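Here's a structure to walk through together, one stop at a time. Have the sequence and the coordinates open as you read.

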Amino acid sequence: MIILGIETSCDETAASLVEDGAKIIANIVASSSEMHTKTGGIIPEVAAREQVKSMIPVVSECLSAGKIDISQIDAIGVTIGPGLIGSLLVGTETAKTLSYAWSKPITPVNHLVGHIYANWLDQELPKLPAIALVVSGGHTDLVLMKDHEEIEWIGGTRDDAAGECLDKCARLLDLGYPGGPVIANEAQKFNPTKSELKIKLPRPMLDEDNFDFSFSGLKTAVLREVNNLKINRQGLAVEQLSYEIQEAVTDVLVAKTLRAVQNFQIESVILAGGVSANQRLREKMKIGTEKNKVSLHIPPLKLCTDNAAYIASCAFFNYHPLSWQEISPNPSLTIISRV
Ligand code: KG4
Ligand code: ZN
């Protein structure tokens with residue numbers, strides 16, 4: 001079965017063709033991320049206007065790249081939420097129009113559940129039940145995935161998401177947007193074996209006996225350090241702070257995931273969402289899961305951040321074909337909302 005995936009929940013405009021939920025035929029992503037670097041974050045109106053311009057070219061490019069005729073497509077899978085309403089409307093209206101014009105059913109996809117399916121594409125499939133850590137710009141959730149369509153929420157952030165924290169800290173350090181990759185890049189320049197780490201940041205909720213996170217206090221602690229140090233952009237302090245921010249965020253993410261591993265009978269740990277591109281998180285999670293003797297599944301780098309391949313895969317494994325009239329965006333879906 002071939003599904004055309006469409007994803008426009010944030011600043012990406014993406015289309016992908018995936019066969020049987022696992023084989024990527026084509027995967028095209030256009031991003032307006034560079035425009036948001038100038039403003040230090042996404043301006044929703046700017047993102048949506050760019051998506052209106054790129055949507056049809058991205059779908060056309062996807063069809064040509066996949067050398068697929070429209071008659072070979074069985075269904076369309078589209079992100080209906082969560083996300084920015086203007087952006088979601090571009091994707092859902094496009095999917096509805098194509099569904100009507102081509103007479104194909106549509107399966108609505110929850111973007112957060114979609115992220116998890118980046119681990120089903122072109123690689124060894126995770127065994128279920130699994131603990132999935134979904135860490136993106138807007139969400140940080142720990143779920144117990146018993147099976148497809150059987151996801152239980154066990155914990156999540158009480159305030160800022162991990163990616164949001166990295167983005168806000170990068171802004172405080174005047175490093176640009178998106179924050180995760182720029183902080184990782186600065187952090188790499190600091191070598192703790194050669195220089196003394198003079199900055200210590202909190203690990204919020206690390207020792208609490210639950211599966212929840214809190215990252216807003218970390219951001220405030222960084223603001224205090226920035227004000228204290230009156231750092232300049234190139235100074236060692238930026239590298240030290242970036243290093244310690246990355247250590248603090250990843251320490252908590254790994255500790256809470258492993259706490260969940262020890263609490264539930266599971267086969268694997270699944271990482272998903274834009275922050276799962278972080279090398280330090282990957283390293284620490286690998287060590288932790290090896291110690292706990294569970295397999296770890298991490299998407300290839302290009303599938304961690306927003307794209308439509310995992311949307312098409314999720315549509316295949318959670319297939320509920322609807323007609324175009326039944327599809328509408330819902331910006332405030334949670335990871336366990338039924339779509
Ligand atoms: O999943 P995603 O592409 O979009 C949302 O659904 O939010 O995630 C974007 C987030 C941003 O906060 C960005 O800073 C973070 O993922 N991110 C990273 C890395 N690449 C992207 N965080 C840490 N390390 C990275 N290499
Ligand atoms: Zn995402």
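The side chain of Asn307 reaches over to the backbone nitrogen of Ala309, at 2.9 Å. Keep in mind that this is a predicted model. A polar atom of that same Asn307 side chain also lies 3.4 Å from the backbone nitrogen of Tyr310. To place Asn307 in the fold, look at the loop between α10 (301–304) and α11 (309–317). Is Asn307 buried or exposed? Its relative accessibility is 0%, so Asn307 counts as buried. Leaving aside residues up to four places away in sequence, Asn307 touches Glu7, Ala14, Asn27, Val29 and Lys302.

Now swing over to a pair of helices. Two packed helices are described by the angle between their axes and the distance between the axes. For α5 (residues 162–172) and α6 (residues 179–188), the axes come within 7 Å and cross at roughly 65°. The crossing of α5 past α6 is left-handed. On the α5 side, the contact is made by Leu166, Asp167, Cys169 and Ala170, while α6 brings Gly179, Gly180, Val182 and Ile183. Sort those contact residues by character and you get five nonpolar, two polar and one charged.

Some of these names come back at ligand 1. There, 19 residues surround the ligand, and the closest are His115, Gly137, Asp167, Gly180 and Gly274. What sits 2.7 Å from an oxygen atom of ligand 1? That's an N or O atom in the side chain of Asp167. Backbone groups join in too: a polar backbone atom of Gly274 is 3.0 Å from an oxygen atom of ligand 1, and for Gly163 the corresponding distance is 3.2 Å.

Conventions: Residues are numbered from 1 along each chain as its sequence is written. Chains are lettered from A and ligands numbered from 1 in the order in which they are written. This is a predicted model: local features need pLDDT of at least 70, side-chain atom pairs count only at pLDDT 80 or more; totals for chains, interfaces and linings use all residues. Side-chain values use heavy atoms; hydrogens and water are left out. Axes are lines fitted to C-alpha atoms, for helices over the stretch in contact, and angles run from 0 to 180 degrees between N-to-C directions. Helices (H or I, at least four residues) and strands (E, at least two) are DSSP runs, numbered from the N terminus. A crossing is left-handed if the near helix is turned anticlockwise from the far one by less than a right angle, and right-handed if clockwise. Contact means heavy atoms within 4.5 Å. Ala, Val, Leu, Ile, Met, Phe, Trp, Tyr, Cys and Pro count as nonpolar, Asp, Glu, Lys and Arg as charged, and the others, Gly among them, as polar. Buried means under 20% relative accessible area, exposed over 50%, partly exposed in between (1.4 Å probe, protein chains only). A polar contact is a pair of N or O atoms within 3.5 Å; within protein, one must be able to donate a hydrogen and the other to accept it, and residues adjacent in sequence count only if both atoms are side-chain atoms. A residue is near a molecule or strand if one of its heavy atoms lies within 4 Å of it.
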